[in-house]
Amino acid sequence: MKMTGRILMAIALAIAVPDLQLQANPVDTGTSVVVVYNTKVKESEGVARHYAARRIVPKANLIGLPLPTSEEISREEFATTLQQPLLAELEKRGLMTYTGGRVVGSKLRYVTLCYGVPLKIKRDQKLQEAGAEKLPAAIRGRNEASVDSKLAWLPQAKGGRQILAGAMGNAFFESKLIYNLHSTNGILMVGRLDGPSPEVAKRLVDSAIHAETNGFWGRAYFDLRGIKSGEYQAGDESLRAAAKAAQAYGLDVITDEQEGTFAEGFPMSHAGVYAGWYSESVTGPFAERKVEFLPGAVAYHLHSFSANTVRREDENWVGPLLAQGATATLGAVYEPYLKWTPDMGIFLDRLLLRGFSFGEAAYASQQTLSWMTTVVGDPLYRPCARHPKSLHEDLQARRRSELEWSHLRVVNLNLGKGTSATNMVGYLASVPLTRQSSVLLEKLGDVYEVAGQKTNAAKAWAMALQKPQSSQQHKRLL
């Protein structure tokens, strides 16, 4: 029986979220986050107050500390100006309660560090620790770390002396249960509103809220290296699993299996997801500054020093990605080793398919804490908390332009479930918006091509060129 467009949409929106994702997940409010800013950096407080206003954070949850103004600080500076004073303020304000070195009560799940708060802790060459000799030789003297990752185990800081060298195992790695990620269980999810400028830092929460309200959309670009064996294969496998998660969510997925990164001139329009490796600094379309990120976009480039600085828009990866419009990213401040970098397959599975927040997904995807990863973006950002059917109806009622992406998702989900391309041509033809949308006309061309109707595909793409489109979409259509 040939299915109508209405039936196909109902089926697709019903299956869009697995049963697991339909469990009652928390939608955190500003009461669950403490916001830390640097009183020595005027712009830092401005970012903190902007965030507090957008997320309705209680005044008691804003903490200003006189911190060093550099991105890199010493271990002593970290302990005496940030870790210890923050812990004291949390206890003083009744935000966390300790008994016998253990957190027995807490209002917090997250920490948001604001522009101007130091990024990384440099190695202390003189540090001598009992027990460090038992660590593998490669990490025995490695006591440098990201500030974020060190603060993540703040709930455990009074529970006995921690060896500062090396990494701590993360008990929440691969977690599928949101409620387990809580400070009473020993973890604070630390993210930062940071970047090349205070304006970029403020935009991270603005874009996050936009995507929470209007949906997480776009195309997903994955830049693999084509590695089939050996110790580096895990990097490709992580990105391949991430691509599968994006496809299961219903995004258009573009995967490159070649050794090099995306080439100059590669058209990256409407980017909702980017993940790739392995270049020290931005290359190809990123170097040309021609990548078009949508609000809410998540971007990640795996490199040992991708976040060596986050406050330059022309160095490494994190700063440039943020400057060019990404809403959330992760990076390494020093050499982390491949196995201890975030697993992108787990990250996108949790973020897109299980309704995790950015902070929850980031910390569920890491094998270690007290190590090298920085988490840049609003940790409260939860892009996929809404059921697709409810979101689709809301976009329709408000006549939002994002509705075109919801229709595109219907097509992808149906195709993924085995619905014929011919039926999906019929669906797109039944949607009045298709005739006005370059996004949907391009998709119509793609579906015609899958159906073997190349002449009709070319006609649809030509029609898309007659509608308003972005410069990178224009290049791809041509």
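In which sense, and over how many bridges, do β3 and strand β7 pair? In this predicted model, β3 and β7 (residues 120-121) pair in the parallel sense, over two bridges. Within this pairing, Ile73 lies opposite Ile121 of β7. The two strands belong to an open sheet of three strands, arranged in the order β3-β7-β8 with mixed pairing. Because β3 (72-73) and β8 (145-146) each have a single partner strand, they form the edges, and one side of each is left without a neighbour in the sheet.

Helix α5 comprises residues 198-214. At 1.5 Å a residue, its 17 residues should span 24 Å, and the distance of 25 Å between its end C-alpha atoms agrees with this expectation. The buried residues of α5 include Val200, Leu204, Ser207, Ala211 and Asn214. The buried residues of this helix pack against α2, β10 (189-193), β14 (293-301), α8 (318-323), β17 (373-376) and α11 (388-398). After α5 comes Gly215, with a positive phi near 100°.

The packing of α5 with α2 (residues 42-55) occurs at an angle of about 10°, and the axes of the two helices are 9 Å apart. Angles under 35 degrees count as roughly parallel, and α2 and α5 are therefore roughly parallel to each other. On the α2 side, the residues in contact are Glu43, Gly46, Val47, His50, Tyr51, Arg54 and Arg55. Their counterparts in α5 are Pro198, Ala201, Lys202, Val205, Asp206, Ala208, Ile209 and Glu212. Classified by type, this contact of α2 with α5 contains seven nonpolar, two polar and six charged residues. Among the α5 residues that meet α2, Pro198, Ala201, Val205, Ala208, Ile209 and Glu212 are buried.

Definitions and conventions: Residues are numbered from 1 along each chain as its sequence is written. This is a predicted model: local features need pLDDT of at least 70, side-chain atom pairs count only at pLDDT 80 or more; totals for chains, interfaces and linings use all residues. Side-chain values use heavy atoms; hydrogens and water are left out. Axes are lines fitted to C-alpha atoms, for helices over the stretch in contact, and angles run from 0 to 180 degrees between N-to-C directions. Helices (H or I, at least four residues) and strands (E, at least two) are DSSP runs, numbered from the N terminus. Angles under 35 degrees count as roughly parallel, over 145 as roughly antiparallel, 65 to 115 as roughly perpendicular and the rest as oblique. Contact means heavy atoms within 4.5 Å. Ala, Val, Leu, Ile, Met, Phe, Trp, Tyr, Cys and Pro count as nonpolar, Asp, Glu, Lys and Arg as charged, and the others, Gly among them, as polar. Two strands pair if DSSP finds at least two bridges between them. The expected span of a helix is 1.5 Å times one less than its number of residues. Buried means under 20% relative accessible area, exposed over 50%, partly exposed in between (1.4 Å probe, protein chains only).
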